[in-house]
Amino acid sequence: MDAVIAYLRDFNIVSILLRVVLAMLFGGTIGQERGKQGRAAGMRTHIFVCIGATLATMIGFYVADFMIMKYGTIGDPLRVAAQVVSGIGFLGVGTILIKGRFQITGLTTAAGLWCAAAIGIALGAGFFEGAIITFICSVITMTLAGRIELMLNKKYSRFGIYVEIASDKYVRQAIDLLEENYKVSDIQVTAPRSGTVGNVGIEANVHNRDFKTSPTDVSKTLEAESYVIFALESI
């Protein structure tokens with residue numbers, strides 16, 4: 001058994017094939033879940049990231065061995081892999097989209113790409129145990145963790161709210177209402193979004209700790225006040 005493991009950790013046609021195939025399998029599995037969610041980076045993107053990181057790492061070790069045999073000099077075999085880690089960050093940024101104050105999408109996909117690259121580096125270095133364990137944990141995180149979040153119904157645990165009132169004389173009254181009913185923070189009095197002269201805008205962060213009130217419900221409740229022109233989730 002030890003001889004087989006040592007053989008697979010060495011660079012030969014079998015170990016290279018195994019590392020690339022595992023990179024395709026692991027990256028594709030992680031990417032499939034992202035693709036099912038309609039994210040920007042799906043199965044093919046994750047596969048390319050994982051096998052690319054695997055190859056880049058193997059190149060580093062290959063060149064280091066070549067330098068020793070050809071010139072007798074010692075190089076850093078992980079120098080190329082280190083650039084992969086930082087380079088994936090730029091790719092991940094392209095999947096992140098900021099929609100509003102608390103609406104940021106793509107972070108999980110970006111993290112998944114980075115993790116797929118790390119798994120590829122582990123495979124390229126022959127660290128099969130770490131790659132397999134990380135892959136299993138990544139799949140569990142991608143699938144079960146998302147379901148747990150939905151079960152806890154934390155989608156609206158925190159969000160921004162914008163309220164437009166009819167006059168500046170109602171500012172104090174509106175702020176008191178927000179503080180008493182919704183425990184808001186970061187209150188800002190702003191210019192009215194409608195552009196109506198005399199109106200005043202108020203923005204605040206709602207900390208919805210009971211996880212039961214959606215932004216739509218908050219808006220409807222606020223609009224029931226006579227001095228509130230309209231209220232909506234702040235974006």
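**Entry 1. Overall layout**

I take helices (H or I, at least four residues) and strands (E, at least two) as DSSP runs, numbered from the N terminus. The model I consulted is a predicted one. On that basis I looked up the secondary structure of the chain, which comes to 8 helices and 6 strands. Read from the N terminus on, I find the elements in the order α-α-α-α-β-β-α-α-β-α-β-β-α-β.

I then turned to burial and contacts for the whole chain. Of its 235 residues, 36% count as buried. I also noted the contacts between residues at least 6 apart in sequence: 66% of these join residues at least 24 apart.

**Entry 2. The sheet**

I asked in which order the strands of the open sheet stand. The sheet has 4 strands, the order is β4-β5-β3-β6, and the pairing is antiparallel. Strands β4 and β6 occupy the edges, where each has a single partner strand, so one side of each is left without a neighbour in the sheet. From one strand to the next, I record an average twist of 15°.

As background, strands of a sheet pair through backbone hydrogen bonds, either parallel or antiparallel.

**Entry 3. Strand β3 and its partners**

I examined β3 with both of its partners. Strands β3 and β5 run antiparallel and are joined by 8 bridges. Two facing pairs serve me as landmarks here: R158 stands opposite H207 in β5, and E164 stands opposite G201 in β5. Toward β6 (residues 228–233), I find β3 joined by 5 bridges, again antiparallel. In that pairing, I161 stands opposite E233 in β6.

I next asked how many of the residues of β3 are buried. The result is 7 of the 8, so β3 is largely enclosed by the rest of the structure.

**Entry 4. Helix α7**

I checked the length of α7, which holds 12 residues (171–182). At 1.5 Å a residue the helix should span 16 Å, and its end C-alpha atoms are indeed 16 Å apart, so the two values agree.

Which residues of α7 are buried? I list V171, A174, I175, L177, L178 and Y182. They cover an arc of only 155° around the axis, which puts them on the same side of α7. A general point helps in reading this list: an α-helix has 3.6 residues a turn, so residues three or four places apart point the same way.

I then asked what the buried residues of α7 pack against. Their partners are β3 (158–165), β4 (185–190), β5 (200–207) and α8 (215–223). Just after α7, I noted that K183 takes a positive phi of about 50°.

**Entry 5. Helices on the sheet**

I looked up how the helices α7 and α8 are placed with respect to the strands. Helix α7 packs on the sheet and touches β3, β4 and β5, and its direction makes about 10° with that of β5. Helix α8 lies across β3 and β6, and I record its direction as about 170° to β6.

**Entry 6. Two residues of strand β4**

I selected D186 and I187, since I wished to inspect an edge strand in detail. D186 lies in strand β4 and is exposed, with a relative accessible area of 51%. Its C-alpha atom is separated by 6.0 Å from that of N205, a residue 19 places away along the chain.

I187 is also found in strand β4, and at 28% relative accessibility I187 counts as partly exposed. Leaving aside neighbours within four places in sequence, I find I187 in contact with I175, E179, I202, E203 and A204. One of these, I175, is among the buried residues of α7. I also recorded the separation of I187 and G160: they are 27 residues apart in sequence and 9.9 Å apart in space, C-alpha to C-alpha.

**Entry 7. Cysteines**

Finally, I asked how many disulfides a search of the whole structure finds. The search gives 0. C115 is in no disulfide, and the nearest cysteine sulfur, that of C50, is 8.9 Å away. For C137, the closest cysteine sulfur is in C115, at 9.1 Å, which is too far for a bond. The cut-off I applied is that the two sulfur atoms lie within 2.5 Å.

Are C115 and C137 buried or exposed? C115 counts as buried, at 19% relative accessibility, whereas C137 is partly exposed, with a relative accessible area of 44%. The cut-off for buried is under 20% relative accessible area.

Note on methods. Residues are numbered from 1 along each chain as its sequence is written. This is a predicted model: local features need pLDDT of at least 70, side-chain atom pairs count only at pLDDT 80 or more; totals for chains, interfaces and linings use all residues. Side-chain values use heavy atoms; hydrogens and water are left out. The expected span of a helix is 1.5 Å times one less than its number of residues. Buried means under 20% relative accessible area, exposed over 50%, partly exposed in between (1.4 Å probe, protein chains only). The arc is that of the directions from the helix axis to the C-beta atoms. Contact means heavy atoms within 4.5 Å. Two strands pair if DSSP finds at least two bridges between them. Axes are lines fitted to C-alpha atoms, for helices over the stretch in contact, and angles run from 0 to 180 degrees between N-to-C directions.
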